[in-house]
Amino acid sequence: MQKLVEMKGVTVNFYTYEGVVQALNNLDLDIYQGETLGLVGETGCGKTMAALAILRLIIPPGKIDSGKIDYCTVGGQTIDLLSLTENEIRDIRGSQISMVFQEPSAALNPVYTIGDQITETIILHRNRELARNAQAKVDKLLAEDNNRLSILIRPLRLIQKSIYSTIANDPFAFAPKLVGRIPIVRRLLWRIDDEALLIASSLLKEVEIADPSRVLKQHPHQMSGGMKQRVVIAMALACCTRLLIADEPTTSLDVTIQAQILELIKKLKREIQTSILYITHDLAVAAEICDRVGVMYSGSICELAEVTEVYQKPLHPYTKALMAAVPKPGKELSAISGFVPDPLNLPPGCRFHPRCDAAKKVCREKQPALIEINPKHFVACHLFTGDELGKTS
Amino acid sequence: MKGLKFFFFHMRKNPLSIAGLVLITIFAIIAVFAPLIAPTPEGQFNSYLIPRDGYSQTPKPPSDEHIFGTTQGQYDIFYGVIWGTRTAFQIGIIVMGAVLLIGIFLGSIAGYFGGIVDEIIMRITDIFLAFPPLILAMAVTVALGPGIQSVMTAIIIVSWPSYARVIRGDILAIREEDYVEASRSVGSSHLRVILRHVLPNSIYPIFIMASLDIGAVVLTAAALSFLGLGVPEGYADWGQMISFARNWIVGTPSNAFAYWHTVWIPGLFIFFFVMGWNLLGDSLRDILDPRLARR
Amino acid sequence: MEKLVEIRDLKTLFPILRGLFRQHVGDVRAVDGITLSIESKQWMGLVGESGCGKTTLGKTILRILKPTSGHIYLDISTQIKEEIDELEKTKPNSKAYKEIRAKYDLATFAGNKLKNLRKKMQLVYQDPFTSLDPRMKIKDTLLEPIAVHGLLKGQAAKERVGEVMEMVGLSQKQLPRYPHQFSGGQRQRIAIARALVTNPQFVVFDEPTSALDVSVQAQILILLEKLKQEHNLTYLYITHDLSVAETVCDSIAVMYLGKIVEMGNPSDIFKKPRHPYSRALVLSTPIADPTRKRGRLVLPGEVPSPANPPPGCRFHPRCDRATDECKTDEPPLLSEEGLRRVACFHPVE
């Protein structure tokens, strides 16, 4: 399988008045094409930061201080997302890499209709295609030139045709942009909105919303949480996304609605074969939907492997403790001693060592690197380096 | 300690807030040490009456005897502005204090209990807000007769409705918070909940509003004095001093600024006093609000 | 086992006022006729999704909300409850009925009687970030219940506060701090401490761990078990997470749209749910084990609004076993073997 995204040594720091808070600490992460990678961890471990770093959405006082994020584009070339200009990354956001957030009511603008919001992203990225479709329709109308009305409207249609063909050739041309700014004249572009609405309608059918034409005219507050999340997923997939980043999309939903959304995501995975980076703190959900799982603690990955490996044969002490803390029917519950480290006062060496039963002297001094212990099973722990290499737990 | 650190960090980023603090401190020092800076002449009982050096109507420019000159009627401007600082603080603090008490009391009852109590109190504030504030203040001052107390009463009557409204709004939000309900579920009486939970959490915006408004209060008092309502003639009040300068704004044909000192000196005192409170209020808002959001 | 808490036919309706003159056009039927009993020292779980009325039920039992009708009993003998039932059936308007209710039925309490009640029953809120007053020191938050009821004074009160902090695993040195200086898990411990300060018999927990991480949740659940054993407490634990309920509770009640649809032993309900809704819940709950794929049951549709519940069985629009009977008649909550109860005309085998 080919690698879609490769994060190498990404470090993100927040410069606050109380000191420097390190959100991501030398993060290494790979996402392959077509796979669903789960990123699990507790509050404050940095999983949302990792997603924001990929999309370059980290704002001051946060700063990406070092690292590379290699991304394989549609054309096959590898570019470093952190080195792109603002315009270039905007091109990728929403079209090639898109994000679904936790709160659908916060992700949708309450004053615009659903139709407006979905078409916003379609028009932004698929302008060329929309213009071509619109132009084809106008051509067809121009060809059937029979009654008086069409003769009157002919000049308008010709203008429309020329605008659409300009957009089809060069989406960033100046003239259509100018037309778009002038009120009333702007109405000439109505076919583009129409085409976009058609695409939006088919997207809503994809996410199993019955009666898309009615929903397109509704406002977010008229819909339930589950439906809003479906709309947000539709928006994310509007432009042939290659990587869908889902940041806890079902946390705010009820259990039965969550089941519906998870089934939907599984279905989309099968049909569209997009890669998914699924961020969650719910280990049960991750078990259900992910192919591989990465466990994060305090800004870096401590274990990364296939999902069955992580859940049945966890190697890192934190992963083991986390699995033991999950309530499972018929199993005794046990907690992890201690508390998550204060981000202003991080322990030296391995961040987990104050809470680890098996901590050695080296754990207090050096941070462990992420090493492939078993095939495709990566662990960042001193217990597995040196003479323990090669042994399975 | 963390709060202090945040305070200084903010000050470093925003030097204007230091300016506000410095200005008010200077004025406070002037007010406190007024008897030393501008000693009352021997035998005069009421320190707030400005000593007169003669009865000539023409103001005299600054000289060795009168550092800031004299105004119409030979009142010493220096003495007037120094003791006027005391008057300004008096008016500002007493009026603001009373307005806060009344506004918070009525506003919190209206906000916390809601229903018909809320309706009645809000309609009363509506009645007061229907009048243009300065006109109402003038009417009250005339009705109550001259004197600094009537000026203060008038301004109190005019200012309390907005505060009642603001705190009512904040309380409507706080009332729904979990910890308020938790306190009730523990068995607290309404009074306890209001005093210990609702008010402490909703009162900060009011203080900010109050510090911004002290300037406005002083200006309104000055306006009333300028119009001749309020303080008796010769009282050390900045507004009164400007009112004395009314006829001397434009000087002689040969020198338009012959009597600049009568207008500018009290005017500058008012200007810097109001600006100091405004800057202080602004910086207080900046310090308190993002801190709440950050927490 | 003694029944500590019992509610009979409890209803909490919120009036909907519309129009210019605030006319009473309908009710939000949040709790619509619930009969439930919790035994002494039992950990009862109340499971349901958002909008089913479980928080309203918890708050009504504690009299934070006033019930529209029904009976609530705390530690009352069966004999008296029977008497009240008799009077209700035969002479509901008599003075005797009103008197006996005023004495024993929590639903009618007011004023000082209600205040005294608060000592014995407490609530721990869902969101640890908003349930503590941000401007009060922890010390004062914990002293408040003692001061309100005048239980202890001065040094004795301070000692009790220290004692209760240690009970929940926090150090006394943290007392002069403010809530924002603590993590979510620690704040929830403080909320639990506040609930225990007056030595209550009965504690209601409203989804106390849903805002917390998995490892913190485990710590809190272990703490709650310890406290229950040490202080002979009885719990009503409201949650939407069936796995948590199954792990810690002695008994589970499943709620849907204001009514209880199934009650029983957690492992029974998990392994063999009888009501179609419980079955849907069990099958929808993901399990932290990638090898155990659950059944393909996905419940269609959404929860109806409690202001306008469907006629007959409330669950029938989403139920794949619904018949005509289900559309018109409401199934009663019937007892089956042991403590199992189901409200369905066609329960799952």
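Me: Helices (H or I, at least four residues) and strands (E, at least two) are DSSP runs, numbered from the N terminus. With that settled, which helix is Ile270(B) found in?
Reply: First, the ground rules: residues are numbered from 1 along each chain as its sequence is written, while chains are lettered from A and ligands numbered from 1 in the order in which they are written. The model is predicted, and local features need pLDDT of at least 70, side-chain atom pairs count only at pLDDT 80 or more, and totals for chains, interfaces and linings use all residues. As for Ile270(B), look along chain B at residues 260-294. That stretch is helix α12.

Me: Is Ile270(B) buried or exposed?
Reply: The cut-offs, with C-beta atoms placed from the backbone, are 20 or more other C-beta atoms within 10 Å for buried, 12 or fewer for exposed, and partly exposed in between. Ile270(B) has 21 other C-beta atoms within 10 Å, so it counts as buried.

Me: How far apart in space are Ile270(B) and Trp238(B), C-alpha to C-alpha?
Reply: Contact here takes C-beta atoms, placed from the backbone, within 7 Å. Leaving aside neighbours within four places in sequence, Ile270(B) is in contact with Val218(B), Leu219(B), Ala222(B) and Trp238(B). Ile270(B) and Trp238(B) sit 32 residues apart in sequence, yet their C-alpha separation is 7.0 Å.

Me: Which helix gives the largest share of the largest nonpolar core?
Reply: A nonpolar core is a set of buried Ala, Val, Leu, Ile, Met, Phe, Trp, Tyr and Cys residues joined through C-beta atoms within 7 Å. The largest one here has 265 residues, and those with the most contacts inside it are Tyr278(A), Val295(A), Ile155(B), Val218(B) and Val254(C). Its largest share is 15 residues, from residues 77-113 of chain B, namely helix α4.

Me: Val254(C) came up there; which tyrosine does Val254(C) touch?
Reply: Leave out residues up to four places away in sequence and the partners of Val254(C) include Val47(C), Gly48(C), Ile260(C) and Val261(C). Further along chain C, the list goes on with Glu262(C), His275(C), Ser278(C) and Leu281(C), plus the tyrosine, Tyr277(C).

Me: What share of the residues in chain C is buried?
Reply: Chain C holds twelve helices and eleven strands, and its C-alpha trace spans about 65 × 65 × 50 Å along the principal axes. Among its contacts with a separation of 6 or more, 66% link residues 24 or more positions apart. Of its 349 residues, the buried ones make up 45%.

Me: Which strands are the edges of the eight-stranded sheet in chain C?
Reply: Strands pair if DSSP finds at least two bridges between them. The sheet is open, with mixed pairing, and the order is β5-β6-β7-β3-β8-β9-β11-β10. Residues 121-124 and 334-335 make the strands that pair on one side only, β5 and β10.

Me: What stands opposite Ile252(C) in β9(C)?
Reply: Strands β8 (residues 251-256) and β9 (residues 259-264) of chain C run antiparallel, joined by five bridges. Facing Ile252(C) across that pair is Gly264(C).

Me: Which residue in β7(C) is the bridge partner of Val47(C)?
Reply: Strand β7 of chain C (residues 234-239) has six of its six residues buried, with Thr234(C), Leu236(C) and Ile238(C) on one side and Tyr235(C), Tyr237(C) and Thr239(C) on the other. Five parallel bridges tie β7(C) to β6 (residues 202-206) of chain C, where Phe202(C) stands opposite Thr234(C). Five bridges in the parallel sense also join β7(C) to β3 (residues 43-47) of chain C. There, Val47(C) is partnered by Thr239(C).

Me: Over in chain A, what is the bridge partner of Val40(A) in β8(A)?
Reply: β8 (residues 275-280) of chain A is mostly covered, with six of its six residues buried. β7 (residues 243-247) of chain A pairs with β8(A) in the parallel sense over five bridges, and Leu243(A) stands opposite Ser275(A). β3 (residues 36-40) of chain A also runs parallel to β8(A) over five bridges, and Val40(A) is matched with Thr280(A).

Me: Which helix gives the most to the side of chain C that touches chain A?
Reply: At this interface, 30 residues of chain C are in contact with 31 residues of chain A. Helices α8 (214-231), α9 (242-248), α10 (266-271) and α11 (276-284) of chain C each supply at least two residues. The top contributor, with six residues, is α8(C).

Notes: Two residues are in contact if their C-beta atoms, placed from the backbone, lie within 7 Å.
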